[in-house]
Amino acid sequence: NISGTESQCKRRTFLFLQGHPSRFWGDLADGLRADGHRILKVHLCTSDLIFWGRRAGTSYRGRFSKWRGWLADFLQAEGVTDIIYYADRLPYHITAHDVADPMGIQCWAIEFGYLRPDWLTLEAGGMGAYSSFPKDPGDIKTLAQGVPAPDMKVQYRHGFGQEAFNEVSFHLLQAFGRPIYPLYNSDKIYWPAIDYLSWLPELFKAKRYAREAAALEARVTTGELRYNLVAMQIQADYQIRASSPYGGLEEFLREVMVSFAAHAPSDRMLIIKLHPLDNGLERWFSRIAKLAAEFNLIDRVLTIKGGILGKFLANSEGVVLVNSTVGLHALRLGVPTCVMGSAIFDVAGLCHKGTIEQFWTDPGQVDSAFFDVFERALSTIQIKGSFYNAHGREAAVKAICSRLLG
(Lines give C-alpha, C1' and ligand atoms only; values in the text may rest on other atoms or scores of the structure.)
Protein backbone atom coordinates (compact mmCIF):
# COMPACT_ATOMS: atom_id res chain seq x y z
CA ASN A 1 0.00 0.00 0.00
CA ILE A 2 1.18 3.54 -0.78
CA SER A 3 1.02 5.99 2.13
CA GLY A 4 -0.65 9.41 1.77
CA THR A 5 2.73 11.13 1.63
CA GLU A 6 4.04 8.73 -0.99
CA SER A 7 0.85 9.11 -3.01
CA GLN A 8 1.23 12.89 -2.95
CA CYS A 9 4.85 12.57 -4.09
CA LYS A 10 3.79 10.38 -7.02
CA ARG A 11 1.74 13.24 -8.39
CA ARG A 12 4.75 15.56 -8.82
CA THR A 13 5.65 16.73 -12.32
CA PHE A 14 9.12 18.27 -12.61
CA LEU A 15 10.00 20.59 -15.47
CA PHE A 16 13.74 20.90 -16.14
CA LEU A 17 14.94 24.06 -17.85
CA GLN A 18 18.57 24.88 -18.68
CA GLY A 19 20.99 22.81 -16.64
CA HIS A 20 24.61 22.51 -15.67
CA PRO A 21 27.01 21.60 -18.51
CA SER A 22 27.64 18.04 -17.33
CA ARG A 23 25.83 14.72 -16.95
CA PHE A 24 24.29 16.02 -13.73
CA TRP A 25 21.01 17.31 -15.20
CA GLY A 26 20.19 14.02 -16.84
CA ASP A 27 21.22 12.01 -13.78
CA LEU A 28 19.01 14.12 -11.51
CA ALA A 29 16.05 13.69 -13.88
CA ASP A 30 16.67 9.93 -13.96
CA GLY A 31 16.78 9.84 -10.16
CA LEU A 32 13.43 11.62 -9.83
CA ARG A 33 11.91 9.46 -12.56
CA ALA A 34 13.09 6.33 -10.76
CA ASP A 35 11.16 7.54 -7.71
CA GLY A 36 8.00 7.56 -9.80
CA HIS A 37 7.79 11.21 -10.84
CA ARG A 38 7.02 12.65 -14.23
CA ILE A 39 9.89 14.49 -15.92
CA LEU A 40 9.56 17.17 -18.60
CA LYS A 41 12.35 19.10 -20.30
CA VAL A 42 12.27 22.26 -22.41
CA HIS A 43 15.29 22.83 -24.64
CA LEU A 44 16.17 26.47 -25.27
CA CYS A 45 19.36 26.00 -27.30
CA THR A 46 21.44 23.31 -29.00
CA SER A 47 23.59 22.61 -25.94
CA ASP A 48 20.45 21.85 -23.92
CA LEU A 49 19.46 19.29 -26.53
CA ILE A 50 22.88 17.62 -26.74
CA PHE A 51 23.60 17.46 -23.01
CA TRP A 52 20.12 15.98 -22.32
CA GLY A 53 21.01 12.94 -24.41
CA ARG A 54 18.30 10.65 -25.75
CA ARG A 55 15.74 11.56 -23.10
CA ALA A 56 12.48 13.05 -24.32
CA GLY A 57 12.15 16.84 -24.40
CA THR A 58 10.29 19.75 -25.96
CA SER A 59 12.09 22.50 -27.88
CA TYR A 60 11.16 26.16 -27.56
CA ARG A 61 12.35 28.01 -30.65
CA GLY A 62 10.22 31.15 -30.39
CA ARG A 63 11.23 34.68 -29.55
CA PHE A 64 12.09 35.50 -25.97
CA SER A 65 9.24 38.04 -25.95
CA LYS A 66 6.81 35.13 -26.48
CA TRP A 67 8.39 32.86 -23.86
CA ARG A 68 6.20 34.06 -20.97
CA GLY A 69 2.91 33.25 -22.68
CA TRP A 70 4.16 29.98 -24.16
CA LEU A 71 5.48 28.79 -20.80
CA ALA A 72 2.29 29.70 -18.92
CA ASP A 73 0.25 27.59 -21.36
CA PHE A 74 2.76 24.73 -21.14
CA LEU A 75 2.77 24.68 -17.33
CA GLN A 76 -1.01 24.62 -17.16
CA ALA A 77 -1.45 22.01 -19.88
CA GLU A 78 1.14 19.65 -18.39
CA GLY A 79 0.17 20.09 -14.74
CA VAL A 80 3.71 21.05 -13.71
CA THR A 81 4.26 21.12 -9.93
CA ASP A 82 7.98 22.04 -9.82
CA ILE A 83 10.51 23.79 -12.07
CA ILE A 84 14.24 23.11 -11.72
CA TYR A 85 16.92 25.33 -13.25
CA TYR A 86 20.64 26.03 -13.02
CA ALA A 87 21.64 29.72 -12.81
CA ASP A 88 18.50 31.48 -11.59
CA ARG A 89 19.26 34.81 -13.30
CA LEU A 90 19.25 33.45 -16.84
CA PRO A 91 16.54 35.54 -18.56
CA TYR A 92 14.41 32.48 -19.31
CA HIS A 93 14.62 31.37 -15.68
CA ILE A 94 13.71 34.80 -14.30
CA THR A 95 10.58 34.71 -16.44
CA ALA A 96 9.86 31.11 -15.43
CA HIS A 97 9.89 32.07 -11.76
CA ASP A 98 7.66 35.08 -12.39
CA VAL A 99 5.16 32.92 -14.30
CA ALA A 100 5.25 29.96 -11.91
CA ASP A 101 4.97 31.80 -8.59
CA PRO A 102 1.36 33.05 -8.94
CA MET A 103 0.40 29.60 -10.27
CA GLY A 104 1.60 27.95 -7.04
CA ILE A 105 4.42 26.13 -8.84
CA GLN A 106 7.65 25.81 -6.83
CA CYS A 107 10.91 26.78 -8.55
CA TRP A 108 14.24 25.33 -7.45
CA ALA A 109 17.63 26.84 -8.23
CA ILE A 110 20.67 24.56 -8.31
CA GLU A 111 24.15 26.07 -8.44
CA PHE A 112 27.70 25.62 -7.20
CA GLY A 113 27.79 25.62 -3.43
CA TYR A 114 28.26 28.61 -1.18
CA LEU A 115 30.47 26.21 0.78
CA ARG A 116 33.38 25.11 -1.39
CA PRO A 117 34.58 22.80 -2.66
CA ASP A 118 32.42 19.64 -2.65
CA TRP A 119 29.07 21.34 -2.20
CA LEU A 120 26.14 22.34 -4.39
CA THR A 121 23.36 24.79 -3.58
CA LEU A 122 19.66 23.93 -3.67
CA GLU A 123 17.45 26.94 -2.97
CA ALA A 124 13.78 27.59 -3.49
CA GLY A 125 13.34 30.37 -6.04
CA GLY A 126 16.73 32.00 -6.41
CA MET A 127 20.11 32.89 -4.98
CA GLY A 128 22.00 36.03 -3.99
CA ALA A 129 19.68 39.00 -3.69
CA TYR A 130 16.75 36.66 -4.39
CA SER A 131 17.59 34.13 -1.69
CA SER A 132 15.05 33.43 1.05
CA PHE A 133 17.82 32.50 3.48
CA PRO A 134 17.36 34.58 6.68
CA LYS A 135 19.45 37.67 7.36
CA ASP A 136 18.35 38.10 10.99
CA PRO A 137 20.89 36.53 13.40
CA GLY A 138 18.09 35.22 15.62
CA ASP A 139 16.41 33.45 12.69
CA ILE A 140 19.76 32.01 11.63
CA LYS A 141 20.34 30.62 15.13
CA THR A 142 16.88 29.06 15.10
CA LEU A 143 17.53 27.47 11.70
CA ALA A 144 20.85 26.05 12.92
CA GLN A 145 19.38 24.30 15.96
CA GLY A 146 20.04 20.58 15.82
CA VAL A 147 21.99 20.86 12.56
CA PRO A 148 25.47 19.27 12.65
CA ALA A 149 28.53 21.13 11.42
CA PRO A 150 29.00 20.59 7.67
CA ASP A 151 31.62 18.09 6.61
CA MET A 152 34.28 20.22 4.95
CA LYS A 153 36.54 17.29 4.07
CA VAL A 154 37.07 17.14 0.31
CA GLN A 155 35.74 13.83 -1.01
CA TYR A 156 34.82 14.45 -4.65
CA ARG A 157 37.76 15.79 -6.62
CA HIS A 158 37.77 16.37 -10.36
CA GLY A 159 40.27 17.72 -12.84
CA PHE A 160 40.12 21.26 -14.18
CA GLY A 161 40.41 19.87 -17.70
CA GLN A 162 37.08 18.07 -17.36
CA GLU A 163 35.36 21.22 -16.13
CA ALA A 164 36.93 23.36 -18.87
CA PHE A 165 36.02 20.88 -21.61
CA ASN A 166 32.38 20.76 -20.52
CA GLU A 167 32.05 24.53 -20.19
CA VAL A 168 33.66 25.20 -23.56
CA SER A 169 31.62 22.49 -25.30
CA PHE A 170 28.35 23.75 -23.82
CA HIS A 171 28.85 27.38 -24.80
CA LEU A 172 30.30 26.69 -28.24
CA LEU A 173 27.35 24.40 -28.99
CA GLN A 174 25.11 27.23 -27.83
CA ALA A 175 26.81 29.69 -30.19
CA PHE A 176 27.34 27.53 -33.26
CA GLY A 177 24.01 25.75 -32.89
CA ARG A 178 22.15 28.93 -33.80
CA PRO A 179 20.70 27.45 -37.01
CA ILE A 180 18.70 25.00 -34.86
CA TYR A 181 17.66 27.59 -32.25
CA PRO A 182 18.09 30.89 -34.15
CA LEU A 183 16.13 33.06 -31.69
CA TYR A 184 17.81 31.94 -28.47
CA ASN A 185 18.45 34.89 -26.14
CA SER A 186 21.81 34.41 -24.41
CA ASP A 187 22.80 36.58 -21.46
CA LYS A 188 26.53 36.17 -22.11
CA ILE A 189 28.46 39.42 -22.40
CA TYR A 190 31.18 37.82 -24.57
CA TRP A 191 30.68 35.72 -27.69
CA PRO A 192 31.93 32.24 -26.57
CA ALA A 193 34.55 31.89 -29.32
CA ILE A 194 36.10 35.26 -28.37
CA ASP A 195 35.90 34.38 -24.68
CA TYR A 196 37.81 31.12 -25.08
CA LEU A 197 40.32 32.38 -27.63
CA SER A 198 41.20 35.15 -25.18
CA TRP A 199 42.67 32.49 -22.91
CA LEU A 200 45.55 31.80 -25.31
CA PRO A 201 47.55 34.93 -24.39
CA GLU A 202 46.59 34.40 -20.73
CA LEU A 203 48.16 30.94 -20.81
CA PHE A 204 51.41 32.43 -22.13
CA LYS A 205 51.39 34.92 -19.24
CA ALA A 206 50.60 32.33 -16.57
CA LYS A 207 54.20 31.79 -15.42
CA ARG A 208 54.78 35.52 -15.09
CA TYR A 209 51.58 35.92 -13.10
CA ALA A 210 52.63 33.08 -10.81
CA ARG A 211 56.09 34.59 -10.19
CA GLU A 212 54.66 38.01 -9.41
CA ALA A 213 52.01 36.57 -7.09
CA ALA A 214 54.56 34.39 -5.29
CA ALA A 215 56.87 37.36 -4.75
CA LEU A 216 54.04 39.43 -3.27
CA GLU A 217 52.87 36.46 -1.22
CA ALA A 218 56.31 36.27 0.39
CA ARG A 219 56.11 39.94 1.32
CA VAL A 220 52.66 39.74 2.91
CA THR A 221 53.44 36.61 4.94
CA THR A 222 56.41 38.34 6.59
CA GLY A 223 54.18 41.20 7.72
CA GLU A 224 56.12 43.67 5.58
CA LEU A 225 52.93 45.18 4.16
CA ARG A 226 49.79 46.50 5.77
CA TYR A 227 47.06 46.12 3.19
CA ASN A 228 43.45 45.52 2.38
CA LEU A 229 42.56 42.87 -0.15
CA VAL A 230 40.04 43.45 -2.93
CA ALA A 231 38.67 40.14 -4.24
CA MET A 232 37.59 40.46 -7.86
CA GLN A 233 34.95 38.41 -9.61
CA ILE A 234 34.72 37.92 -13.35
CA GLN A 235 32.99 40.60 -15.38
CA ALA A 236 30.55 38.04 -16.80
CA ASP A 237 29.37 36.86 -13.36
CA TYR A 238 25.62 37.43 -13.38
CA GLN A 239 25.73 38.06 -9.61
CA ILE A 240 27.42 41.38 -10.44
CA ARG A 241 24.49 42.43 -12.62
CA ALA A 242 21.72 40.81 -10.56
CA SER A 243 22.88 41.20 -6.96
CA SER A 244 24.82 44.45 -6.84
CA PRO A 245 24.34 48.15 -7.62
CA TYR A 246 27.07 47.98 -10.29
CA GLY A 247 26.74 47.61 -14.03
CA GLY A 248 30.33 46.35 -14.14
CA LEU A 249 33.36 45.83 -11.95
CA GLU A 250 35.07 49.12 -12.88
CA GLU A 251 32.26 50.96 -11.09
CA PHE A 252 33.00 48.88 -8.00
CA LEU A 253 36.75 49.52 -8.22
CA ARG A 254 36.22 53.24 -8.69
CA GLU A 255 34.06 53.45 -5.56
CA VAL A 256 36.61 51.47 -3.55
CA MET A 257 39.54 53.61 -4.69
CA VAL A 258 37.76 56.91 -4.08
CA SER A 259 37.04 55.83 -0.52
CA PHE A 260 40.48 54.31 0.04
CA ALA A 261 42.28 57.45 -1.15
CA ALA A 262 40.27 59.68 1.17
CA HIS A 263 39.94 57.55 4.29
CA ALA A 264 42.50 54.73 4.50
CA PRO A 265 45.67 55.20 6.61
CA SER A 266 48.50 56.59 4.51
CA ASP A 267 50.70 53.53 5.12
CA ARG A 268 48.00 51.13 3.91
CA MET A 269 48.24 49.31 0.57
CA LEU A 270 45.45 47.98 -1.61
CA ILE A 271 46.05 44.56 -3.19
CA ILE A 272 43.58 43.71 -5.95
CA LYS A 273 43.45 39.98 -6.62
CA LEU A 274 41.95 39.07 -9.98
CA HIS A 275 39.68 36.05 -10.31
CA PRO A 276 41.67 32.98 -11.43
CA LEU A 277 39.26 32.50 -14.37
CA ASP A 278 39.49 36.08 -15.61
CA ASN A 279 39.90 35.86 -19.39
CA GLY A 280 42.01 39.00 -19.80
CA LEU A 281 39.51 40.77 -22.08
CA GLU A 282 38.90 43.50 -19.52
CA ARG A 283 42.65 44.37 -19.40
CA TRP A 284 42.47 44.84 -15.63
CA PHE A 285 46.18 45.39 -15.09
CA SER A 286 46.23 48.50 -17.27
CA ARG A 287 42.74 49.70 -16.26
CA ILE A 288 43.52 49.40 -12.55
CA ALA A 289 46.80 51.25 -13.06
CA LYS A 290 44.91 54.12 -14.75
CA LEU A 291 42.38 54.26 -11.91
CA ALA A 292 45.18 54.25 -9.34
CA ALA A 293 46.89 57.13 -11.13
CA GLU A 294 43.61 59.05 -11.31
CA PHE A 295 43.28 58.91 -7.51
CA ASN A 296 47.00 59.39 -6.71
CA LEU A 297 47.33 55.78 -5.54
CA ILE A 298 49.87 54.59 -8.08
CA ASP A 299 52.34 53.57 -5.32
CA ARG A 300 49.67 52.06 -3.07
CA VAL A 301 47.77 49.73 -5.40
CA LEU A 302 49.07 46.33 -6.47
CA THR A 303 47.30 43.94 -8.86
CA ILE A 304 47.92 40.20 -8.98
CA LYS A 305 46.52 37.12 -10.66
CA GLY A 306 47.31 33.90 -8.86
CA GLY A 307 48.80 33.13 -5.47
CA ILE A 308 47.32 31.30 -2.50
CA LEU A 309 44.10 33.03 -1.55
CA GLY A 310 44.21 31.96 2.10
CA LYS A 311 47.58 33.63 2.67
CA PHE A 312 46.46 36.92 1.16
CA LEU A 313 43.29 36.84 3.23
CA ALA A 314 44.85 35.82 6.53
CA ASN A 315 47.49 38.57 6.47
CA SER A 316 45.17 41.40 5.39
CA GLU A 317 43.54 44.11 7.47
CA GLY A 318 40.25 43.18 5.82
CA VAL A 319 38.77 42.18 2.48
CA VAL A 320 36.44 44.17 0.22
CA LEU A 321 34.29 42.42 -2.39
CA VAL A 322 31.01 42.68 -4.25
CA ASN A 323 29.44 39.35 -3.31
CA SER A 324 32.06 36.70 -4.05
CA THR A 325 32.09 33.51 -1.96
CA VAL A 326 35.65 34.54 -1.09
CA GLY A 327 33.79 36.32 1.71
CA LEU A 328 32.99 32.98 3.34
CA HIS A 329 36.67 31.98 3.25
CA ALA A 330 37.56 35.31 4.84
CA LEU A 331 34.97 34.96 7.59
CA ARG A 332 36.10 31.41 8.33
CA LEU A 333 39.58 32.86 8.92
CA GLY A 334 38.17 35.65 11.09
CA VAL A 335 39.07 38.36 8.55
CA PRO A 336 36.84 41.48 8.55
CA THR A 337 34.80 41.63 5.36
CA CYS A 338 33.04 44.52 3.62
CA VAL A 339 30.33 43.44 1.14
CA MET A 340 29.46 46.04 -1.51
CA GLY A 341 26.66 44.07 -3.17
CA SER A 342 24.10 41.60 -1.89
CA ALA A 343 25.44 38.38 -0.40
CA ILE A 344 23.89 35.65 1.68
CA PHE A 345 26.64 36.00 4.29
CA ASP A 346 26.30 39.78 4.69
CA VAL A 347 24.87 39.44 8.19
CA ALA A 348 25.35 41.48 11.37
CA GLY A 349 27.96 39.79 13.54
CA LEU A 350 29.85 38.52 10.52
CA CYS A 351 30.38 41.30 7.98
CA HIS A 352 31.11 44.99 8.47
CA LYS A 353 27.78 46.83 8.68
CA GLY A 354 29.09 50.41 8.54
CA THR A 355 30.18 52.37 5.50
CA ILE A 356 33.22 51.53 3.43
CA GLU A 357 34.76 54.81 4.64
CA GLN A 358 34.62 53.44 8.19
CA PHE A 359 35.90 50.03 7.15
CA TRP A 360 39.47 51.19 6.49
CA THR A 361 40.04 52.23 10.11
CA ASP A 362 37.29 50.43 12.04
CA PRO A 363 36.41 47.16 10.27
CA GLY A 364 35.02 45.45 13.37
CA GLN A 365 35.51 41.81 14.29
CA VAL A 366 34.08 38.56 13.03
CA ASP A 367 32.06 36.67 15.64
CA SER A 368 33.67 33.26 15.09
CA ALA A 369 31.16 31.44 17.30
CA PHE A 370 28.29 32.92 15.31
CA PHE A 371 30.03 32.00 12.04
CA ASP A 372 29.94 28.35 13.14
CA VAL A 373 26.20 28.75 13.73
CA PHE A 374 25.78 30.48 10.37
CA GLU A 375 27.65 27.72 8.57
CA ARG A 376 25.40 25.07 10.12
CA ALA A 377 22.32 27.02 9.05
CA LEU A 378 23.77 27.54 5.57
CA SER A 379 24.27 23.79 5.18
CA THR A 380 20.46 23.39 5.11
CA ILE A 381 20.50 24.77 1.55
CA GLN A 382 23.72 22.97 0.62
CA ILE A 383 24.14 19.50 -0.83
CA LYS A 384 27.35 17.51 -0.36
CA GLY A 385 28.37 16.40 -3.84
CA SER A 386 29.73 17.38 -7.23
CA PHE A 387 28.59 18.17 -10.75
CA TYR A 388 31.59 16.38 -12.27
CA ASN A 389 32.87 13.62 -9.97
CA ALA A 390 30.82 10.45 -10.59
CA HIS A 391 30.56 9.47 -6.91
CA GLY A 392 29.83 13.07 -5.93
CA ARG A 393 27.16 13.30 -8.61
CA GLU A 394 25.51 10.13 -7.36
CA ALA A 395 25.54 11.38 -3.76
CA ALA A 396 24.18 14.79 -4.76
CA VAL A 397 21.36 13.34 -6.87
CA LYS A 398 20.29 11.12 -3.99
CA ALA A 399 20.38 14.02 -1.50
CA ILE A 400 18.55 16.45 -3.80
CA CYS A 401 15.82 13.92 -4.58
CA SER A 402 15.39 13.34 -0.86
CA ARG A 403 15.22 17.05 -0.08
CA LEU A 404 12.87 17.90 -2.97
CA LEU A 405 10.47 15.22 -1.85
CA GLY A 406 10.91 15.76 1.88
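**Notebook: a parallel sheet and its helices**

I began with one pair of neighbours and noted that strand 8, residues 269-273, pairs with strand 9 in the parallel sense over 4 bridges. I was working on a predicted model throughout. Within this pair I looked up which residues face each other, and I found Leu270 opposite Val301 of strand 9, while Ile272 stands opposite Thr303 of strand 9. I reminded myself that strands of a sheet pair through backbone hydrogen bonds, either parallel or antiparallel.

Next I asked in what order the strands of the open sheet lie. I read the order of its 5 strands as 9-8-7-10-11, with parallel pairing. Strand 9 (301-304) and strand 11 (337-339) are at the edges, and each has a single partner strand, so one side of each is left without a neighbour in the sheet. I also wrote down that the twist from one strand to the next averages 20°.

I then turned to the helices that accompany this sheet. Helix 11, residues 249-263, packs on the sheet and touches strand 7 (227-231), strand 8, strand 9 and strand 10 (319-321), and its direction makes about 165° with that of strand 8. Helix 12, residues 284-294, lies across strand 8 and strand 9 and runs at about 170° to strand 9. Following the chain, I recorded that strand 8, helix 12 and strand 9 make a right-handed β-α-β unit.

For another entry I looked at two helices packed on each other. Two packed helices are described by the angle between their axes and the distance between the axes. For helix 2 (residues 24-34) and helix 17 (residues 390-405) I noted an angle of about 50°, with the axes 9 Å apart. That angle makes helix 2 oblique to helix 17, and helix 2 passes helix 17 in a right-handed crossing. I listed the residues that make the contact: Phe24, Asp27, Leu28, Gly31 and Leu32 come from helix 2, and Arg393, Ala396, Val397, Ile400, Cys401 and Leu404 come from helix 17. Sorted by class, this contact of helix 2 with helix 17 has 8 nonpolar, 1 polar and 2 charged residues.

My last entry concerns a loop and its backbone. Which residues does the cis peptide bond join? I found it between Arg116 and Pro117, with omega of about -10°. Pro117 is in the loop between strand 5 (106-112) and strand 6 (119-124), and Asp118 is likewise found in the loop between strand 5 and strand 6. I noted that phi of Asp118 is near 75°, which is a positive value in a residue other than glycine.

Technical notes: Residues numbered from 1 in each chain as written. Predicted model: local features only at pLDDT ≥ 70, side-chain atom pairs only at ≥ 80, totals over all residues. Heavy atoms only, no water. Pairing = 2+ DSSP bridges. Helix = DSSP H or I, 4+ residues; strand = E, 2+ residues; numbered from the N terminus. Axes fitted to C-alpha atoms, helices over the stretch in contact; angles between N-to-C directions. Contact = heavy atoms within 4.5 Å. Parallel < 35°, antiparallel > 145°, perpendicular 65-115°, else oblique. Left-handed = near helix turned anticlockwise from the far one by under 90°. Nonpolar A, V, L, I, M, F, W, Y, C, P; charged D, E, K, R; others polar. Right-handed = clockwise from strand over helix to strand, strands pointing away.
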